[in-house]
Amino acid sequence: MNKYITKAAESAAKAVVLDDMILTVGMPTTAGSKMLDGYNSLFESEAVTKLKSAGYGIAGKANTGEFGLDFLGETSHFGACADESGNLISGCAAAINDGDAFAAVSLDTNGTPRRAAALAGLTCLKPTYGTVSRYGIVPAACSGEAVSVTAKCAADVAEVADCIIAHDFKDGTSLPEEVCNSIKGNIKQGEFKKVAVIKNLVDSADSDTQAKIASACTALNNSGIATEEINDEILPLSQSAWFILMSAEACNNISRYDGIKFGYRSPNYKNIDELYTNSRTEAFGLLTKLTVLYGSECLSDDNYMPVYDKAMRIRRVISEHLNSLFEKYDALLLPACSKTAYSEDEVKSDIDTAYNESLYTAPASISGVPAVACAGVQFIGKALSDKVLLGLAQICEKEA
Amino acid sequence: MKFETVIGLEVHVELATDSKIFCSCSAKYGAEQNESVCPACCGMPGMLPIVNKHVVDLGMTAGMMLNCDINRTTTFDKKSYYYPDLPCSYQTTQWFAPICVNGKVRIETENGEKFIRIKQIHMEEDAGKLVHDDWTDTSLVDFNRTSVPLIEIVSQPDLSSAKEVLAYLERLRNLLRFARVSDCRWEQGSMRCDVNLSVRPEGSDKLGVRTEMKNMNSLSAIERAIEYEVARHIDAIANGTEELVQETRRWDDVKGKSYPMRNKETAGDYRYFPDPNIMPVVIDDEWFDKIKSTLPEFPEIKEKRFIEEYELDEKVASQIASSRAFCDVFEGAYERYPKAVEIANWLISDCSKILNRKKMTADMLSINGASLGELIKLVNEGVVNRAGAAKILDAMFDTDIDPKAYAEENGFIISNDTGKIEEVIKEVVANDMKSVNDYKSGKEKAIMALFGQAMKKLNKNCDPKTLRELLIKYVDSI
Ligand SMILES: [Zn+2]
């Protein structure tokens, strides 16, 4: 079922599975791409170093969509990962559900770990941007991607998250030590009083997903947390804005794979231009190629101001809007994806799935605020409210 | 019809930092191929750029030397293009908020002084180097220079002749070397320049078609290239020999001609955008003031002061003021021993001689000024003689020594111990009675031989006058 790209030898330690965007020494890191098939990094990611020194073993490198840009691993050069009924499941989620790993550490660029957790009945934290070092991950969209933790329950997620949350001088966007430390420690219960349910986004999802939102509301209400439905027209703007920023940054980051220094080189070339073009054409999948083309277009002289710069302005609008929402509400409740299962075939036949489904994940990606997926739904909170969000997850886990 | 030339320059200067701009690799020139490289400057995924603070220090220093405004919040941006010597396929540079803007540089021209406006100075990383291997007929990449910090100094189109360009470049080089921003060595590529040039009928307010010559790396080539391009432009405008197009051209210094570059890399949509991995660099007052306080006096001010305050003659003052290292040693020595003219002589003759022998430039003089002052004092007070002092000075080039202690340890102190001198005289005389007899029989010069032998035995470390007197006294007594 293509759960792993590289499976580690059995280890006695409590094992964490990594998605293949996280660089490791001794195991190749492919980013799900033919371009990096067999690529061995000279250094390992800060997150892996921290996990190892805390005594965790590494279960292996789970299957990953190419450069983490897709919906749920369907673009992996090594084949998508699906369950017996043909539904997509992320390699990381499968490894946890099969008992190979206690938790997963994966890169959230376009929401994959969150929707993977929601679909597999797991809990995932995308921590506040800057609290987990991005040193040693294959970069795609640096301004918003975050190293995330997935496990069977909020308590397990918190345990692993506390291990990798730390200031790192090797990452210029890393938050100061005291800020990182402030979100370590116990999951916080009882701090939140009021959660806004984003009705227009809930309505856009299918009835099974709506039912999951309803049970989450019931669980919260039973714990004395009020829920209030609101319609919000600003948050959906995140989708196209994040798509522009992500594509532009990914295009730029992926440009280093040129066939010159490492990675795939086409055997078919007569000059330097053919070396570039053929290597990249032969090694990248369709979604990556479209991202590169689209991202390049967004940054062109003609489009920079009307497209890229506008997306950056929308990012600021969304951040300010979220701040104002968090003055009234402690957290937002919304779906993590629009359905409760996706067959491999339907996702592969519609290349827009990743974009369409980013409607739910882009708000937290573009603004850097923490998000938790659990019990098939998603919570978004203000910056550094990670542990409080995990508290909400615990309430919903109990009910589910 | 008379024509006027409009020239603007983009000057690249490699900064004199120990390490590269975003990683800790050495930035020193002359390493083995691909010796100074790491995953970051080879473009491997997963490394994040951390700005070398010294680069910002030097960027700021350059701006202050060139009378620029410093942007207190300065940001880095990515510039994308594909070339094998650019490992990430993007160069990190400054596009939206460069560190310095709106400067001006004074130059001397035939018609008096002129100010050349500086549009901006930005910090960026250098690219690597392609090396062609003839044996296998392939190109290889050397990443030693990738991510070596540069500043690019962009002038306004205020220059109007090759002569002015040379004066401007010399002035930049002098100021930047003076402030230790860069060693500015054309031959090592630590200074190079792009020349933007157009020609228009005199008095016209419309600019002519602009051509750019990239990567010029010597003053003489720049001069020839400008003269060639100006002639070509005038010929095209006046005689219609060709249609001028806006383009990038390559100067072939051997053939003495410029050629259009047909390369795609000049096509120019670089898709700039802010680097999300580098937070804006905020220069607070404390940082700004610290750099400001380390700025050297401008060389011409120093020169003037040397003439007025120290009474050096103009030629000597200008010679010392041409190098920051000379100035620093001079002033350090003066503080220890205020004899300006003598110190200047020691610098210009003795020190320069040693620099020449060691094939070092004036800027590489790194002796301790106070020690030089001390040494000159020792000579003047008759504690060491010139020959001994020359050896001590030589040793000062290798390590920072205390001249007096070194002289004592190595027997360079002039002996005033008459007992010892008399002992040596006795010994010399006993071994050369012939000279004594010759002297006594009227050949006065014979005593010179005895004097020489005694001096040699004393390692020249004695006052010649004392030796002479004691020798005559002794010979007369036997
Ligand atoms: Zn390096």
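In this predicted model, B:Cys41 is buried, with a relative accessible area of 2%. B:Cys23 is also buried, at 12%. Both values fall under the 20% relative accessible area that defines a buried residue.

B:Cys41 and B:Cys23 serve as donors of the zinc ion, together with B:Cys25 and B:Cys38. Each of these cysteines contributes its SG atom, and the donors lie 2.3 to 2.4 Å from the metal. Along the sequence the donor residues follow the spacing C-x1-C-x12-C-x2-C. B:Cys23 and B:Cys41 are 18 residues apart and link distant parts of the chain, each sitting in the loop between strand 1 (3-14) and helix 1 (53-65) of chain B.

What arrangement do the four donor atoms form around the zinc ion? The arrangement is tetrahedral, because the donor atoms subtend angles of 101 to 115 degrees, and four donors count as tetrahedral if all angles lie between 85 and 135 degrees.

Chain A provides a helix packing. Two packed helices are described by the angle between their axes and the distance between the axes. Helix 11 (residues 304-328) and helix 13 (residues 353-367) of chain A pack at about 95 degrees, with axes 9 Å apart. Helix 11 of chain A is therefore roughly perpendicular to helix 13 of chain A. The residues making the contact are listed below.

| Helix of chain A | Contact residues |
|---|---|
| Helix 11 | A:Arg315, A:Ile318, A:Ser319, A:Leu322 |
| Helix 13 | A:Pro363, A:Ser365, A:Ile366, A:Ser367 |

By class, this contact of helix 11 with helix 13 of chain A has four nonpolar, three polar and one charged residues.

Terms used. Residues numbered from 1 in each chain as written. Chains lettered and ligands numbered in written order. Predicted model: local features only at pLDDT ≥ 70, side-chain atom pairs only at ≥ 80, totals over all residues. Heavy atoms only, no water. Donors = N, O, S within 2.8 Å, 3.2 Å for Na, K, Ca; no water. Tetrahedral: all angles 85-135°; square planar, octahedral: opposite > 155°, others 65-115°. Helix = DSSP H or I, 4+ residues; strand = E, 2+ residues; numbered from the N terminus. Buried < 20%, exposed > 50% of the residue type's maximum accessible area, 1.4 Å probe, protein only. Axes fitted to C-alpha atoms, helices over the stretch in contact; angles between N-to-C directions. Parallel < 35°, antiparallel > 145°, perpendicular 65-115°, else oblique. Contact = heavy atoms within 4.5 Å. Nonpolar A, V, L, I, M, F, W, Y, C, P; charged D, E, K, R; others polar.
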